[in-house]
2 protein chains.
Amino acid sequence: MDKIAIIGTGLIGTSLGLAMKKIKLKNVQIVGVDLERYRSNRAKKMGALDRVEGNLAEAVSDSNIVFICTPVMAIREVMEVIGPRLTEGVVVTDTGGTKRGVLNWAKEFLPEKVDFVGGHPLAGRETPGPDNADPEMFKDRPYCIVPRPGASTEGVQQIVDLASAIGARPYFIDADEHDSFVAAVSHLPFIMSTALIGATSKSPQWGDISHLASSGFRDVSRLASGDSIMHRDVCLTNKAGVVHWINELVAELERIKGMVQKESPSQELYDLFEKAFAERERWLAGVTTPWARADYERPQTPTFARTTAELMFGSRAAEGLFGDGKKDDKGRKK
Amino acid sequence: MDKIAIIGTGLIGTSLGLAMKKIKLKNVQIVGVDLERYRSNRAKKMGALDRVEGNLAEAVSDSNIVFICTPVMAIREVMEVIGPRLTEGVVVTDTGGTKRGVLNWAKEFLPEKVDFVGGHPLAGRETPGPDNADPEMFKDRPYCIVPRPGASTEGVQQIVDLASAIGARPYFIDADEHDSFVAAVSHLPFIMSTALIGATSKSPQWGDISHLASSGFRDVSRLASGDSIMHRDVCLTNKAGVVHWINELVAELERIKGMVQKESPSQELYDLFEKAFAERERWLAGVTTPWARADYERPQTPTFARTTAELMFGSRAAEGLFGDGKKDDKGRKK
C-alpha cells in the first residue's frame with residue numbers, strides 16, 4: 001500500500017484529493033492533515049481522503065508522495081517540521097502560487113535524499129475551503145512543474161504523471177520565469193479586482209453606484225473574493241514581479257486616459273479596442289496557449305518511467321496515461 | 001395592431017426583440033431595421049422580428065414605440081433622420097451606454113409631441129451581433145430609465161412596463177448621475193480589461209507568459225472582447241466620468257503597490273484583501289444592490305396606468321406585471 005499525504009486540505013488540497021480519488025489509483029491511500037481539524041474532517045467527509053492524520057509527523061510517516069497545499073508563507077514552516085522526518089526516495093511537491101521562495105526553502109529545509117518537485121496548478125476559484133473543492137478543477141489547466149536541481153527523473157515523472165492523470169497540462173518552467181509570468185496573468189488580475197472594489201466602494205456615492213453594477217463589474221471583481229491569506233502570501237513572495245506589472249498596467253491605463261482626453265480620439269481609441277480584441281481572440285484560440293488546445297502534447301521528461309507509474313498507480317491508470325492518447329483526453333472538449 | 005420598431009438589430013436590439021416576442025405581446029408587431037441588411041435579416045430569422053424594414057422612415061412610420069439600439073454615436077444621426085417623421089404620442093427610447101449626450105440630442109432633434117424616455121439595460125455579453133442575442137439577457141438586470149423632461153407619465157410607464165415584462169429591473173436615474181455611476185462600474189471595468197490585455201500582450205515574453213494565463217486572466221480580460229465601436233462611443237460621450245475613474249483606480253493601484261513594497265507589509269495587505277472581500281460580498285448579497293434581491297419592488301411612476309398596459313400588452317402580460325408579484329418573479333432564483 002502506497003501513501004500520498006496532503007498537507008493543507010483547503011480548496012486546492014481537497015480538490016487534489018478528490019481528483020486523485022476519481023482516477024482510482026491502485027493500492028494507494030490518501031491521507032490529509034490541516035492546522036484546522038474541521039477542514040481535514042470535512043475533506044474526508046467529501047471523499048478526498050482515506051484518513052485524517054493528527055499532525056505533520058504522522059502525515060509524512062511512510063508517505064511516498066507529500067503534497068504541501070498550504071498558503072505560500074506556511075510552506076516554509078511545514079518544510080522545517082517535516083524535513084528531518086522524511087525518508088529517502090520520498091517525493092515532496094507543493095501547490096504554491098510563487099516558486100522562487102519555495103525552491104529556496106526546499107534547499108534550506110529538505111534533505112537531499114528526497115526529491116522536491118515544485119508545482120503550481122493554475123486553477124482555483126474565489127471561494128476557498130474544502131466545501132468548494134472540485135475534482136474537475138484541474139482539467140485542461142496548466143500545471144507548472146519546477147523541480148529542485150538534483151531531483152531524480154523518476155520523482156519528477158511521478159508528479160508529471162499525477163498532474164496529467166487528473167487532467168492538468170504539465171508545463172516545465174524555471175522558478176524565476178514562473179514568478180515573473182504569473183505576476184502578469186495571475187497576481188496582476190487579482191490585484192486589479194481588489195483595486196476595482198477598493199476604488200469604487202470608497203466613493204461616498206457607492207450606495208447608489210452599486211445599484212448599477214452588473215455582470216461586467218461582477219467578472220472583473222471576482223478575484224477580490226479570493227482567499228486573503230493566499231493573496232497576501234503571493235504578493236509578499238513575489239514583490240518584484242507584482243510591482244513590475246502594476247507599473248506596466250498603470251502606464252497602459254495612463255495611455256488610454258490620454259487617448260480619451262484628446263479632442264478627436266475616435267480612430268486611436270477604436271484601434272486600441274480592436275487590438276485588445278484581436279490579442280484576446282488570439283489567446284483564446286490557443287495560438288499562444290498550447291495548454292488550451294486539444295492536440296497539446298504533454299511534455300515528457302528525458303527518461304520515461306512507465307514501469308514506475310504502473311507500480312505506483314496500477315496498470316489501469318498507466319494505460320490511460322501512456323496509451324494511445326484517447327483515454328487521456330476522455331471527456332475533454334475537443 | 002400596434003407596432004414596435006427596433007433600430008439597430010445587433011446584440012441588444014435582437015435580444016430585445018426576442019425578449020418581447022417571448023412575453024407574447026397581444027396585437028403587436030415588431031419590426032427592425034439596420035444599416036447592415038444582413039443583421040436585420042438575421043434578427044428576423046432568429047425570431048426577434050415580424051418584419052424587416054428597408055429604411056428608418058419605413059421603420060418609424062405608424063410605430064407606437066421606437067427603440068434605438070445602435071452604438072451611442074449613431075443615435076444622434078438616427079434622431080436627426082426620424083425626428084421629422086415621428087407623429088404625436090410616439091414613445092422613443094434608446095439603449096445607449098451613456099445618457100447625457102443622448103438626452104441633449106433628443107432635445108435637439110426630437111419634436112416635443114413625442115415622449116423620449118432614455119433607457120440603458122445593464123446587460124450584454126462580449127460577443128456582439130444578432131447571432132449572440134438571448135431573450136433572457138435582461139433577467140434581473142438593472143434597466144436605467146432617464147425620461148426627457150416633459151415626457152408623459154404614460155410614455156414613461158410604457159417603457160417601465162416593457163422593461164419589467166422582459167425581466168429587467170427599472171431604475172429611475174438622472175442622466176449625469178447615470179453617466180458618472182456607469183463610468184465606475186461599467187466603463188472602468190472594460191477599460192481595465194483592455195489595459196490588462198494591452199500591458200501583458202505587449203511584453204516581448206507574451207508568447208511564454210500566455211501559456212500560464214488561466215481562468216482569472218480570462219475573466220478579468222473578458223470585456224476586452226466586446227464591441228470596439230460601442231466601447232469607443234461610450235468613452236467619447238463620457239470623457240469626464242471615464243477620466244475620473246481611471247484616476248481613482250490608478251491611485252488605488254499605487255496605494256496597493258506601496259503596501260507590497262513595504263518591509264513588513266503583512267497585516268496591511270491582509271486587511272486590504274479582507275476589506276475588498278467583505279465589500280464584494282456585501283455587494284453580491286444585495287445589501288447595496290436592490291435589483292439583485294428577489295424582494296425588490298419595481299419602482300412605479302406617480303400615476304399607474306394599468307389600463308394602458310392592458311391595452312398595449314394584453315391582459316395576460318398585464319397580469320404578470322401587476323399581479324401578486326409571484327408571476328413577475330417566476331423562474332428567477334430566490
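Me: Before we start, what counts as two residues being in contact here?
Reply: This is a predicted model, and contacts are judged from C-beta atoms placed from the backbone. Two residues are in contact if those atoms lie within 7 Å.

Me: Which residues of helix 7 of chain B does helix 11 of chain A meet?
Reply: On the chain A side, helix 11 brings Glu248(A), Leu249(A), Glu252(A), Leu253(A) and Ile256(A). The residues of this contact split into 7 nonpolar, 2 polar and 2 charged. Over in helix 7 of chain B, the ones met are Ile191(B), Thr194(B), Ala195(B), Leu196(B), Gly198(B) and Ala199(B).

Me: So is the crossing of those two helices left-handed or right-handed?
Reply: Helix 11 (residues 239-261) of chain A packs on helix 7 (residues 175-201) of chain B at about 120 degrees, with the axes 9 Å apart. That angle makes helix 11 of chain A oblique to helix 7 of chain B. As for the hand of the crossing, it's right-handed.

Me: How are the two copies related?
Reply: You can lay chain B on chain A with an RMSD of 0.0 Å, using a turn of 180 degrees and a shift of 0.0 Å along the axis. In chain B, the C-alpha nearest that axis belongs to Val220(B), at 2.2 Å. The two copies are thus related as by a two-fold rotation axis.

Me: And within chain A, how many residues does each domain put into the contact between domains?
Reply: Chain A is assigned domain 1 (2-173 + 291-322) and domain 2 (177-261). On the domain 1 side, helix 4, helix 5 and strand 7 each supply at least two residues. The count is 16 residues from domain 1 and 17 residues from domain 2.

Technical notes
Residues are numbered from 1 along each chain as its sequence is written. Chains are lettered from A and ligands numbered from 1 in the order in which they are written. This is a predicted model: local features need pLDDT of at least 70, side-chain atom pairs count only at pLDDT 80 or more; totals for chains, interfaces and linings use all residues. Axes are lines fitted to C-alpha atoms, for helices over the stretch in contact, and angles run from 0 to 180 degrees between N-to-C directions. Helices (H or I, at least four residues) and strands (E, at least two) are DSSP runs, numbered from the N terminus. Angles under 35 degrees count as roughly parallel, over 145 as roughly antiparallel, 65 to 115 as roughly perpendicular and the rest as oblique. A crossing is left-handed if the near helix is turned anticlockwise from the far one by less than a right angle, and right-handed if clockwise. Ala, Val, Leu, Ile, Met, Phe, Trp, Tyr, Cys and Pro count as nonpolar, Asp, Glu, Lys and Arg as charged, and the others, Gly among them, as polar. Copies are superposed by least squares on the C-alpha atoms of residues with pLDDT of at least 70 in both. Domain bounds come from an automatic or database domain assignment.
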